[in-house]
Amino acid sequence: MKTGMYATNKGCSASLLDKPVSNYQSVDDFHTRSQTRRTLESSAHQALTCALSSNMILMAPEMFRSHYRPYTQPPATHLCYEVYDQHKSVDFGHLTNTGESHAEMVFLGERFSDAWRNCTVVWYISWSPCNNCTEILLNTFLPSNPHVKLHIIFAKVHPCTTKTKIQELKRKGVKIRPMCQIDFRWCWKHFVDTSESFIPWQNLYNDYYKAFRWLMG
């Protein structure tokens, strides 16, 4: 296991794959799936919490808030990830930028394993991928790994993200959508070093709806 920001855990059997990574077709669709997601969370919570608490270095609450709140402007991108083989979680962790490399490229360069070439990779990411990272995904990573199912769930839109690039990712099969309250709560519960419950920040739903409309427009 790597230490510091690149801490991971392997072998957990709990899976929230079906619902957290689905593309919502409308805001109403999001609401109808919320109860199902809460049920899945409940069944997976004990296994994930046990594994994470013993094997992964969690981030401080202040770090999570500073990166994932909608109106903060952190200089780096933060990325929480889960890797699933079918419905079994095989790896998860969190990381951030190093030097000139964005978190997405750190994941691809330092964390991605050849053993995951037939897996589903889920990113809960503080910024949507910038155009440069998107180009690398489109032209290098996805063609080299055609059987990887990539899901990107972002907290806010990066200033250097254009909708045309995001649409290209979607055409290549990447599932991408904004983070909703359930996603923030999931990351808070399993990647943040606190026993306190997640408290939604003001206008969280409105911010989600705004990003959703931007993405679908």
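From the N terminus on, the elements of this protein run β-α-α-β-β-α-β-α-β-α-β-α-α. Counted up, that gives 7 helices and 6 strands. Keep in mind as you look around that this is a predicted model.

**How far to trust it**

The pLDDT averages 79 over the protein, and 75% of the residues score at least 70. Residues 1-54 are a stretch to treat with care, since their pLDDT is below 50. In the model, this stretch still has 129 contacts beyond near neighbours in sequence.

**The protein as a whole**

The chain has 217 residues, and 52% of them count as buried. Its accessible surface comes to about 10,100 Å², with 50% of that belonging to carbon and sulfur atoms. How do the contacts spread along the sequence? Among contacts between residues at least 6 apart in sequence, 77% join residues at least 24 apart.

**Strand S2 and its partners**

Now find strand S2, which spans residues 78-85. This strand is mostly covered, with 7 of its 8 residues buried. S2 pairs with S3 in the antiparallel sense, over 8 bridges. To see one of these links, look at Tyr84, whose bridge partner in S3 is Ser89. S2 and S3 form a hairpin with 2 residues between them. In the turn, Gln86 has a positive phi of about 60°.

S2 also pairs with S4: the two strands run antiparallel and are joined by 6 bridges. Here you can look for Glu82, whose bridge partner in S4 is Val122.

**Helix H2 and its covered side**

Which residues of helix H2 are buried? In this helix, which covers residues 61-68, they are Pro61, Phe64, His67 and Tyr68. These residues are on the same side of H2, because they cover an arc of only 140° around the axis. What do they pack against? The buried residues of H2 meet four strands and a helix: S2, S3 (88-96), S4 (120-127), S5 (149-156) and helix H6 (181-191). Strand S2, with its 7 buried residues out of 8, is thus one of the elements that H2 packs against.

**A look at the cysteines**

How many disulfides does the structure hold? The count is 0. Take Cys130: the nearest cysteine sulfur is that of Cys133, 3.7 Å away, and Cys130 is in no disulfide. A disulfide needs two cysteine sulfur atoms within 2.5 Å, so a gap of 3.7 Å rules this pair out.

Are the cysteines in the table buried or exposed? A residue counts as buried when its relative accessible area is under 20%, so each of these three is buried.

| Residue | Relative accessible area |
|---|---|
| Cys119 | 4% |
| Cys130 | 6% |
| Cys180 | 1% |

Cys119 is a good one to end on. Where does this residue sit? Cys119 lies in the loop between helix H3 (103-111) and S4. Leaving aside neighbours within four places in sequence, Cys119 is in contact with Val83, Tyr84, Asp85, His147, Val148 and Lys149. You have already met Tyr84 as the bridge partner of Ser89. His87 offers another way to see how the chain folds back: Cys119 and His87 are 32 residues apart in sequence, and their C-alpha atoms are 9.6 Å apart in space.

Note on methods
Residues numbered from 1 in each chain as written. Predicted model: local features only at pLDDT ≥ 70, side-chain atom pairs only at ≥ 80, totals over all residues. Heavy atoms only, no water. Buried < 20%, exposed > 50% of the residue type's maximum accessible area, 1.4 Å probe, protein only. Arc of directions from axis to C-beta. Contact = heavy atoms within 4.5 Å. Areas by Shrake-Rupley, 256 points an atom, 1.4 Å probe, with all protein chains shown as cover. pLDDT = per-residue confidence, 0-100. Pairing = 2+ DSSP bridges.
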